[in-house]
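Let's take a walk around this protein and the two molecules it holds. Have the sequence and the 3D view ready, and follow along.

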Amino acid sequence: MKVTVVGAGAVGASCAEYIAIKNFASEVVLLDIKEGFAEGKAMDLMQTASLNGFDTKITGITNDYSATAGSDVAVITSGIPRKPGMTREELIGINAGIVKTVATSLIKHSPNVILIVVSNPMDTMTYLVHKTTGLAKNKIIGMGGALDSARFKYRLAEALEAPISDVDGMVIGGHSDTGMVPLTGHATRNSIKVSEFLSEERLSQVAEDTKVGGATLTKLLGTSAWYAPGAAVSSMVQAIACDQKKMFPCSTYLEGEYDLNDICIGVPVILGKDGIEKIVNIPLSAADKAKMQESAEGVKKTNNLLEF
Ligand SMILES: NC(=O)C1=CN([C@@H]2O[C@H](COP(=O)(O)OP(=O)(O)OC[C@H]3O[C@@H](n4cnc5c(N)ncnc54)[C@H](O)[C@@H]3O)[C@@H](O)[C@H]2O)C=CC1
Ligand SMILES: O=C([O-])CC(=O)C(=O)O
């Protein structure tokens with residue numbers, strides 16, 4: 001299994017590190033446009049191999065896509081992150097051009113690649129890749145929901161004063177400060193609905209904290225987060241590499257599912273060797289359905305800013 005990660009910055013390097021530590025890929029190629037940067041990150045990471053006990057070979061390359069040829073999976077993290085006070089949507093002007101060029105170059109050298117889009121605004125960048133590359137829709141996957149769900153579980157565990165391993169929950173919808181739909185009505189502690197333990201008010205606080213998870217970290221860090229994003233991507237790559245048939249909420253192109261059309265937005269999917277192997281339809285409450293429609297309107301507004 002050969003994996004390419006484009007963008008050797010905070011998220012790209014974290015993603016490469018987690019993939020290596022999980023030890024399921026033979027090769028990870030890190031590519032960046034900044035001269036020598038990916039080579040440096042790759043060398044530094046390789047010098048952790050004997051300490052962290054992995055055999056994955058990590059190489060770095062400056063903007064030469066021939067080194068990525070034959071990749072099974074490629075992750076796009078290239079582009080700029082937001083600064084405190086910004087929305088993800090404000091990144092579209094710079095990131096759209098970068099994502100389009102990077103996706104085209106990756107596919108040219110790896111026509112069978114499965115692409116995972118991370119750069120923000122992620123749902124719109126995933127849609128851009130769908131509209132401009134001709135790659136099959138099961139091979140274009142946006143990462144947002146896996147991260148947002150991990151943050152939801154963190155907030156649920158905090159509210160429940162429970163270990164995170166006791167908690168399950170999922171976030172669907174757009175990967176934005178206002179568009180996420182944490183499924184509080186489905187969340188459980190050891191298969192018991194969390195609403196048995198938490199008041200409605202506490203539960204809606206958990207949902208609000210989850211939605212602004214990225215903004216909260218951006219304010220604290222001065223740039224956006226990387227550990228949990230890198231871990232989320234690595235879990236998705238592993239599900240594909242190991243054909244795990246694992247369920248993650250991912251941004252995918254919808255054609256009628258969830259009553260939505262011509263949009264990439266987060267819904268539960270099954271990830272396996274073919275990428276998105278199935279879109280899972282789950283029953284939503286009327287309130288969650290309405291939130292999903294509103295979230296989709298927000299994503300479409302950003303999509304309308306794209307110039308193809
Ligand atoms: N979908 C999600 O859940 C998340 C998305 N993000 C997004 O991921 C992106 C990356 O974030 P960070 O890693 O923190 O930023 P960063 O600035 O640390 O790294 C970005 C890297 O991309 C490189 N780059 C820029 N243009 C390039 C090009 N044309 N080809 C190759 N490399 C290029 C830069 O040189 C830089 O090293 C941002 O857009 C951020 O908003 C970040 C966290 C979570
Ligand atoms: O908040 C950001 O801009 C980066 C991101 O998407 C996240 O961490 O969820």
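Which helices each supply at least two residues of the shell around ligand 1? They are helix H1, covering 10-22, and helix H4, covering 92-109. Keep in mind as you look that this is a predicted model.

## Who surrounds ligand 1

Let's stay with ligand 1 for a bit. There are 27 residues around ligand 1, and the ones that come nearest are Val11, Asp32, Ile80, Asn120 and Met143. Among the helices and strands, H4 gives the most to this shell, with three residues. By type, the shell around ligand 1 splits into 16 nonpolar, nine polar and two charged residues.

The shell also draws on both domains. Domain 1 (2-143) and domain 2 (145-304) each provide at least three residues of the shell around ligand 1.

## How ligand 1 is held

Zoom in on the oxygen atoms of ligand 1. One of them has a backbone N or O atom of Ala10 at 2.9 Å. Side chains join in as well: an N or O atom in the side chain of Asn95 is 3.2 Å from an oxygen atom of ligand 1, and for the side chain of His175 the figure is 3.1 Å. On its own, ligand 1 has 860 Å² of accessible area, and the protein covers 88% of that.

If you'd like to find the spot on the surface, look for the largest pocket, which is the space taken by ligand 1.

## Ligand 2 and its shell

Now for the other molecule. Where does ligand 2 sit? It sits in the largest pocket too. Around ligand 2 you'll find Arg82, Arg88, Asn120, Leu147, Arg151, His175, Gly214, Thr218 and Ser224. That shell is made up of one nonpolar, five polar and three charged residues.

Two helices to click on here are H6 (145-160) and H8 (213-221), each of which supplies at least two residues of the shell around ligand 2. Why does ligand 2 lie between domain 1 (2-143) and domain 2 (145-304)? It lies there because both domains give residues to its shell.

## Polar contacts of ligand 2

Three side chains are worth picking out. An N or O atom in the side chain of His175 is 2.6 Å from an oxygen atom of ligand 2. For Arg151, a polar side-chain atom lies 2.7 Å from an oxygen atom of ligand 2, and an N or O atom in the side chain of Asn120 is 2.9 Å from one. The protein covers 94% of the 260 Å² of accessible area that ligand 2 has on its own.

You may recognise two of these names. His175 also has a side-chain N or O atom 3.1 Å from an oxygen atom of ligand 1, and Asn120 is also among the residues that come nearest to ligand 1.

## Two backbone oddities

Last stop: the backbone. Most residues other than glycine have a negative phi, and most peptide bonds are trans. Against that background, the peptide bond from Asn120 to Pro121 is cis, with omega near -5°. You can find Pro121 in the loop between strand S5 (114-117) and helix H5 (122-133).

The other one to look at is Asn23, which isn't a glycine yet has a positive phi of about 60°. Asn23 is in the loop that links H1 and strand S2 (27-32).

Notes: Residues numbered from 1 in each chain as written. Chains lettered and ligands numbered in written order. Predicted model: local features only at pLDDT ≥ 70, side-chain atom pairs only at ≥ 80, totals over all residues. Heavy atoms only, no water. Near = heavy atom within 4 Å. Polar contact = N/O pair within 3.5 Å; in protein donor to acceptor, adjacent residues only side chain to side chain. Areas by Shrake-Rupley, 256 points an atom, 1.4 Å probe, with all protein chains shown as cover. 1 Å grid on protein atoms, 1.4 Å probe; cavity = no way out; pocket = protein on both sides within 12 Å on 5 of 7 lines; lining within 4 Å. Sits in = over half its atoms within 2 Å of the grid points. Helix = DSSP H or I, 4+ residues; strand = E, 2+ residues; numbered from the N terminus. Nonpolar A, V, L, I, M, F, W, Y, C, P; charged D, E, K, R; others polar. Domains from an automatic or database assignment.
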